[in-house]
Amino acid sequence: MNSAVPTSETYVQRTWRHFYADSFARNGLRIVIVLFIVAALAPFLANSHALIRVADAQWSFPIFHSLQPIEWRFLFYVPLAGVIYLCRNQFFARPGRSILYLAALIVLIEIFIGFTHPINDTSNDRDRPASFKLMPMIPYSPIESTPDSFSPPSWKHLCGTDSTGRDIAARMLHGARTSLSIGFVAQSIALTIGVAIGGLAGYYRGWIDIGTCRFIEIMDCFPPLLLILVAISLFDSDKGNNMFYIMAVIGLTSWTGVARLVRGEFLRLSALPFTLAAKAVGASDGRIILRHLLPNSLGPILVAGTFGVASAILIESSLSFLGFGMQAPTPSWGDILSDARRYIDFAWWLAFFPGLAILITIMSYNFMGEGLRDAVDPRLKVK
Amino acid sequence: MTTYIIRRILLLVPTLVGITLLTFLLIRLAPGNAAMLKGGGENGGRAMTAEQRMATIKLYGLDKPWYLAYGDWVGRICRLDLGESWKDHRSVTTKIEERLPVTMSIAGTALVLSYLLAIPLGVIAAIKRGQVLDRSISFIVFILYSIPSFVAALLLILFVAGGDYLNLLPMYGINSINASEMGTLPWLWDRILHMILPVICLTYASLASISRYTRVSMLETLGQDFVRTARAKGLPERLVILRHALRNALIPIITIFALELPVLIGGAIIIESIFTLPGMGNLMFESLEYRDNPVIMGITVLAACVTLFSYLAADILYVLVDPRISYE
């Protein structure tokens, strides 16, 4: 239709078209979206409390009384992501301002969640009499022990149970939120630090640049997993089960790659005529960085961020596996695997299902990163 | 070139200072130390004796201002004195020395093996670019790249090492219990059997990334003029690839080992603790569980220095191998 006529396709639209044309990347994105939806709805998919319960002609919704702070968090953030997707045109039209609003919103949500308290309710509605009740798909809570331990996968327990009779399917659904949110938040921290430090070094050059490069070099000498393990074991005594602590440690140790990348991009871009033009019309440093350099290097940053989420998820599950991350009873894929290690002789389901889940998640993110890299590659523009 | 190498080596000094300073500050800032020393001492549930407390104060110079303490500590590291383990009061240096050979043999075998397998894979994928063979190699390599090593280790143990399925390989340890009674050859065979699974787990991830690099590098080289010239003068394709393209494509690949090393060290912690191999990674894991800070710090500094020197080796190697690079 418009093959010969130059179209008014924007950079984002073109990148998206290339990205979507790649079947691996497209399916990776779909899987990640499904995982996020599952993670967000986990308490409604696997819970020992009934969705709807009618007893003595009284309607009740027990499930809403059992929601934990983290569940509220998911209930807020996933719709937020949906809203951003629906308003993506406005969002990308003014990236600087949008990110500011987004940060404010996140702070508000976190303040709200700060006021909710964890609930310790181990009752279940499976056996409670009622004239009508609608149970979730998997009628078990992730931290609830049932009498049948080590039951292999069956219709009753889809993915089997572990040593204390906890339902693996329920633990996996709830564990998805641990992995996904730690991966996402840790990488966001890393991106923020990396972009700030790398951007300053690349833009101001000189001593700032030299100092930054030295520091990055020093950080890079520590094997990442080792540094994280040391930081966790030295600084936490009871915080081992604190999700934010783990997110922060992973984020604070994995920003160097992004910083290098952004520094390189800024060095390259700030030598180009458009930066000079912006300077010539009197734009301030902040304006040049935020409105000219940052949007132009957003592509590579996004690619690095996508791969980074995959490695953050990998690190989180390794930590839980080694017993330094999220610990029981908090469900996490790595924790189920570390349980599997003890009973590896016979309990194959303990290793197989969470292993598969980690593999699929990491692979989807890697496929997305790969597709995104091809899509933002300027060499493709010739086509 | 000599100037370049000397300059490169001199640049190590600030980085070394940075590494030791960072590690030292981690110890100083760790809340555990102060609390342990003040509260008459709990060390992860184990009471700390007065003598131990004194040793710790002396080791990290907790009674001195930080810059003096740092100076002392670095001086002691240079003399390879890393202090005493809190767990069994043995010198950290000796403990590391005992464990080093196992880790080096496993990580070394894994590194060599991954190069040996990855380069042919990458070259084949590059030659058959876009064809079914290339796509299937790339896809398999991609899946391998995404499998966490501990998942692979667990599944391998489950399916080939005992349990309800095949029982081909031993599951734990670096040797059988009765290894000391064996002759040389059976002992070696026993050792090899024990090493197969850990080496596989460490190899496949590096293999994936190296073969991806090889493919990209090979594709770039194949597009260059001298390859076309070699083809034009009628050389057989095999020679064009092996003698002209591969040699040039290998230059960036050689230096990748420096990037793989930190990954291998991280992997060794996990793999050695799964297979309970008496290596550095396992020592690190045990010390982390026990909060044996002198050992943790010793291994951290050592790992960082090894990585640093491998970066240096990679840089120098790069210059030595490729005469086109200017040393400025």
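Chain B of this predicted model has a mean pLDDT of 83. In chain B, 90% of the residues reach 70 or more. One stretch stands apart: over residues 37-45 of chain B the pLDDT is below 50. Beyond near neighbours in sequence, that stretch has 15 contacts in the model. Where pLDDT is low, predicted coordinates should not be read in detail. For the complex, the predictor gives an ipTM of 0.85 and a pTM of 0.86.

**The two chains**

Both chains contain helices and strands. The table sets out their make-up.

| Chain | Helices and strands | Residues | Buried share |
|---|---|---|---|
| A | 16 helices, 3 strands | 383 residues | 42% |
| B | 14 helices, 2 strands | 328 residues | 37% |

The C-alpha atoms of chain A fill a box of roughly 75 × 55 × 40 Å along the principal axes. Contacts in chain A often link distant parts of the sequence: among those between residues at least 6 apart, 71% join residues at least 24 apart. For chain B, residues 24 or more positions apart account for 69% of the contacts with a separation of 6 or more.

**Where the chains meet**

How many residues of chain B are in contact with chain A? The count is 40 residues of chain B, in contact with 34 residues of chain A. Several helices of chain B give two or more residues to this side, among them α2 (12-29), α7 (132-146) and α14 (293-321). Helix α12(B) gives the largest share, 7 residues. By type, the chain B side divides into 28 nonpolar, 10 polar and 2 charged residues.

**The nonpolar core**

The largest nonpolar core has 166 residues. Within this core, A:I228 and B:L154 have the most contacts. Helix α7 (residues 168-204) of chain A gives the most to the core, with 18 residues. What does A:I228 touch, leaving aside its neighbours within four places in sequence? Its contacts are A:V249, A:I250, A:T253, A:I315 and A:L319.

**A bent helix in chain B**

Helix α9 of chain B covers residues 184-222, 39 residues in total. Its end C-alpha atoms are only 48 Å apart. A straight helix would reach 57 Å at 1.5 Å a residue. Where is the kink in α9(B)? A kink of about 35 degrees lies at B:I196, shortly before the proline B:P198.

**Another proline**

B:P294 sits in helix α14 of chain B. Is B:P294 buried or exposed? B:P294 is buried, because 22 C-beta neighbours lie inside 10 Å. From B:N175, B:P294 is 119 residues away in sequence. In space the two are 28 Å apart, C-alpha to C-alpha.

**Two unusual backbone angles**

Most residues other than glycine have a negative phi. A:R205 is not a glycine, yet it has a positive phi of about 50 degrees. A:R205 lies in the loop between α7 and α8 (206-221) of chain A. With 14 other C-beta atoms within 10 Å, A:R205 is partly exposed.

B:L80 also has a positive phi, of about 60 degrees, although it is not a glycine. The loop that holds B:L80 runs between α5 (66-78) and α6 (92-127) of chain B. B:L80 counts as exposed, because it has 12 other C-beta atoms within 10 Å.

Conventions
Residues numbered from 1 in each chain as written. Chains lettered and ligands numbered in written order. Predicted model: local features only at pLDDT ≥ 70, side-chain atom pairs only at ≥ 80, totals over all residues. Helix = DSSP H or I, 4+ residues; strand = E, 2+ residues; numbered from the N terminus. Expected span 1.5 Å × (residues − 1). Bend = angle between axes of the 7 residues up to and from the residue. Contact = placed C-beta atoms within 7 Å. Nonpolar A, V, L, I, M, F, W, Y, C, P; charged D, E, K, R; others polar. Buried ≥ 20, exposed ≤ 12 C-beta atoms within 10 Å, placed from the backbone. Core = buried A, V, L, I, M, F, W, Y, C linked by C-beta atoms within 7 Å. pLDDT = per-residue confidence, 0-100.
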